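Visitor: Hey, got a minute to walk me through a model? Let me pull it up.

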Amino acid sequence: MKKLMLSVCALFMIVACTNSPAQKAEALIKSSKTIAKGTTYEVIQTTVDSAFTPQDDPDFFKQMEEATQMNERYNALQKEFSELKDSIAKISNRPELKKECEDLIQKQKNIDWEIDLIKDKGHEKYTQLMEIAASEPRFIGFKAMHTYRIHNEAGSTLPITEFYLLDTEMTKIKYSCDSIYYAEAQEGIHNLVIAKAIKDDREGK
């Protein structure tokens with residue numbers, strides 16, 4: 001019995017000395033940070049959880065960002081098209097501005113062509129994003145939310161929280177971004193899931 005108790009105690013000590021997931025993540029993040037001379041780095045909290053697609057997938061974040069940029073370009077072109085239309089209307093009856101009018105008309109045609117192209121690509125991209133957002137989650141490693149502050153001669157900054165995606169062995173950082181960007185990505189995914197549900201409901205799926 002005495003030997004058994006000693007073995008149990010030894011096992012407990014081994015487990016107790018093993019770094020927790022949060023400690024492993026914190027050490028990995030600390031080693032990756034470059035702190036300017038004269039500053040101190042204070043960790044407030046590090047939380048770790050399993051990471052899954054699509055919620056924690058940086059590749060999906062990038063696709064959503066590309067779709068957002070595409071939408072912004074579409075809106076900018078629509079505005080430019082409308083402005084050209086107004087300009088053409090103002091000079092269309094002035095013979096001395098015929099060449100300028102023709103140039104504006106050609107520019108308007110080019111913009112109209114790009115608008116149609118983005119519209120087609122955008123519809124295809126949006127459909128793909130909805131499907132991915134509603135897909136079955138797949139384990140891709142671990143995620144860490146790391147909150148810290150940096151002290152310097154000017155005083156303390158506000159707490160900063162960053163998202164980190166770690167590999168399945170917790171030995172490498174695969175991706176990182178600030179918590180605001182991560183939260184925006186989560187909101188985007190949530191909206192895509194809702195859009196997919198509405199679409200399926202309309203189609204009777």
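Visitor: What pattern does the protein chain follow along the sequence?

Guide: This is a predicted model, and reading along the sequence gives α-α-β-α-α-β-β-β-β-α. That makes five helices and five strands.

Visitor: And what radius of gyration does the protein chain have, next to a compact globule of 205 residues?

Guide: The protein chain has 27 Å, while a compact globule of 205 residues would be near 17 Å. Along the principal axes, the C-alpha atoms fill a box of roughly 105 × 60 × 20 Å.

Visitor: OK, so how much of the chain is buried?

Guide: Buried residues are 25% of the 205. The accessible surface is about 14100 Å², with 55% of that from carbon and sulfur atoms.

Visitor: Switching to rings: how many aromatic pairs are there?

Guide: The count is nine aromatic pairs. One of them is F61 with Y182, an edge-to-face pair at 6.0 Å centre to centre and 75° between the planes. F61 sits in helix α3 (residues 58-91) and Y182 in helix α5 (residues 179-202), so the pair links distant parts of the chain, 121 residues apart.

Visitor: Why does F61 count as buried?

Guide: F61 counts as buried because its relative accessible area is 2%, and the cut-off is under 20%. Y182 qualifies too because its value is 8%.

Visitor: Which residues do ring pairs link into a cluster with F61?

Guide: F163, Y175, Y181 and Y182.

Visitor: Last one: how far apart are the mean positions of the positive and negative charges?

Guide: They're 4 Å apart, for 28 positive and 33 negative charges.

How values were computed
Residues numbered from 1 in each chain as written. Predicted model: local features only at pLDDT ≥ 70, side-chain atom pairs only at ≥ 80, totals over all residues. Heavy atoms only, no water. Helix = DSSP H or I, 4+ residues; strand = E, 2+ residues; numbered from the N terminus. Rg over C-alpha atoms; globule rule 2.2 N^0.38 Å. Buried < 20%, exposed > 50% of the residue type's maximum accessible area, 1.4 Å probe, protein only. Areas by Shrake-Rupley, 256 points an atom, 1.4 Å probe, with all protein chains shown as cover. Lys, Arg positive; Asp, Glu negative; His and termini not counted. Charge placed at Lys NZ, Arg CZ, Asp CG, Glu CD. Phe/Tyr/Trp six-rings, centres within 6.5 Å; stacked < 30°, edge-to-face > 60°.
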